[in-house]
Amino acid sequence: MKKLWLVTAFLVSNLPFSYGQSQPTETGKKAPEIELSSPAGKLIPLSSLKGKLVLIDFWATWCAPCVQEQDELARLYQIFRNLAFTNGKGFEIYGVSLDAKRQDWEGTIAKKHISWTQVSDLKFWRSPVARTYNIQELPFNVLIDGNGNILARNLHGEELEKGISKFLKK
Amino acid sequence: MQKAKILIFSILALSAFAFALSEYPSQGGGDPWTQQQLLSPADLAKTLKDPKAPQPIVFSVGMQAVVKGSIEIGPAMVKDNLDKLKQQLDKLPKNASIVVYCGCCPFSRCPNVRPAMELLGSMKFTNYKLLNLPQNIKVDWIDHGYPMNE
């Protein structure tokens, strides 16, 4: 009977997570490849950043909290971009936009002076990447190591800085 | 043992309900639509797939007209787009069957559905609905395989 209660308590406490963005982005799994183009039209595969600690930032200009977060990402980019990590040399952000309109996307990149990698297929929520990564909501991000393995997902605010710092080489 | 099972089931059901509520906050508080005006995606998909069913006029007031047959207005938070919607609505009888949707974000964060629904109300339309996409167009429409524009 006691066991039954424990199982129930576990199930109940974990219920919300069963709806989460779990399957393809579980910690330890290989991050699925993304091959999308930059604003200049250059194809930049995620795998081209191999060797670095990479934050895959799924965002869009129509997502207010995502745009707001870009300032924080700029700050973290400056702090971490040239540092060494336990499994990666240097830090890069791979921004994947779910925008639909090129002018919105490029306009915000220019306005926010975003200097890290930016890619998009401008397919809004129909982007195949949204399906591959099982994105349920924006903003969403995935932190991967130099081998493309997932270290963490959906870290924001202080948790993001802590999450990246955790992998700094001591 | 039977009692324990009932208890466990009740707890699970309550938790699921509470979780659903936390994820999808009530759309009743001050929003320019009623619960009756929320059209379920399953119902619209069924109508769109039925060639014999009377078809509503569906307007996308968000970033992209994903729903099959829907007319792209653009984000209704932009005045020019809202004017464009008004021009389209001016051509329709007040009892026309109209559906609007955005689907960028959860309703609580969507900047587009409110201006569109307010416009419909102020223009005295009598048969207009908001497509119920509590999460977004991906989770509540695309992932279900409902009909999409090419």
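Where does Pro139(A) lie? Pro139(A) is found in the loop between helix H4 (128–132) and E8 of chain A, and the peptide bond leading into it from Leu138(A) is cis, with omega near -5°. Helices (H or I, at least four residues) and strands (E, at least two) are DSSP runs here, numbered from the N terminus.

Before we go on, a word on what you're looking at. This is a predicted model, in which local features need pLDDT of at least 70 and side-chain atom pairs count only at pLDDT 80 or more, while totals for chains, interfaces and linings use all residues. Residues are numbered from 1 along each chain as its sequence is written, and chains are lettered from A and ligands numbered from 1 in the order in which they are written.

Let's take chain A as a whole. It has 5 helices and 9 strands, in the sequence pattern α-β-β-β-α-β-β-β-α-β-α-β-β-α. Its mean pLDDT (the predictor's confidence in each residue, from 0 to 100) is 91, and 87% of its residues reach 70 or more. Residues 10–22 of chain A are another matter: pLDDT stays under 50 there.

Now find strand E3 (residues 53–59) of chain A. Because 7 of the 7 residues of E3(A) are buried, the strand is largely enclosed by the rest of the structure. Buried means that 20 or more other C-beta atoms lie within 10 Å of a residue's own; exposed means 12 or fewer, and partly exposed is in between, with C-beta atoms placed from the backbone. In a regular strand the side chains alternate between the two faces of the sheet. In E3(A), Leu53(A), Leu55(A), Asp57(A) and Trp59(A) are buried on one side, and Val54(A), Ile56(A) and Phe58(A) on the other.

E3(A) has partners, too; strands count as paired if DSSP finds at least two bridges between them. With strand E6 (residues 91–97) of chain A, E3(A) pairs in the parallel sense over 7 bridges, and Ile56(A) stands opposite Tyr94(A). With strand E8 (residues 140–144) of chain A, E3(A) runs antiparallel, joined by 5 bridges; there Asp57(A) faces Asn141(A).

E3(A) also gives the largest share, 6 residues, of the largest nonpolar core. Such a core is a set of buried Ala, Val, Leu, Ile, Met, Phe, Trp, Tyr and Cys residues joined through C-beta atoms within 7 Å. This one has 74 residues, and those with the most contacts inside it include Ile56(A), Phe58(A) and Ala116(B).

That last name takes us to chain B. Two residues are in contact if their C-beta atoms, placed from the backbone, lie within 7 Å. Beyond its neighbours within four places in sequence, Ala116(B) is in contact with Val61(B), Ala76(B), Leu85(B) and Val100(B). Chain B also holds an open sheet of 5 strands, ordered E1-E5-E4-E2-E3, with parallel pairing. The edge strands, E1 (38–39) and E3 (71–72) of chain B, each pair on one side only.

Back in chain A, two loop residues are worth a look. Phe124(A) has a phi near 55°, a positive value in a residue other than glycine, and Asn134(A) has one near 50°. Phe124(A) is buried, with 26 other C-beta atoms within 10 Å, whereas Asn134(A) counts as partly exposed, with 17 C-beta neighbours inside 10 Å. Asn134(A) lies in the loop between H4 and E8 of chain A, which is where we met Pro139(A).
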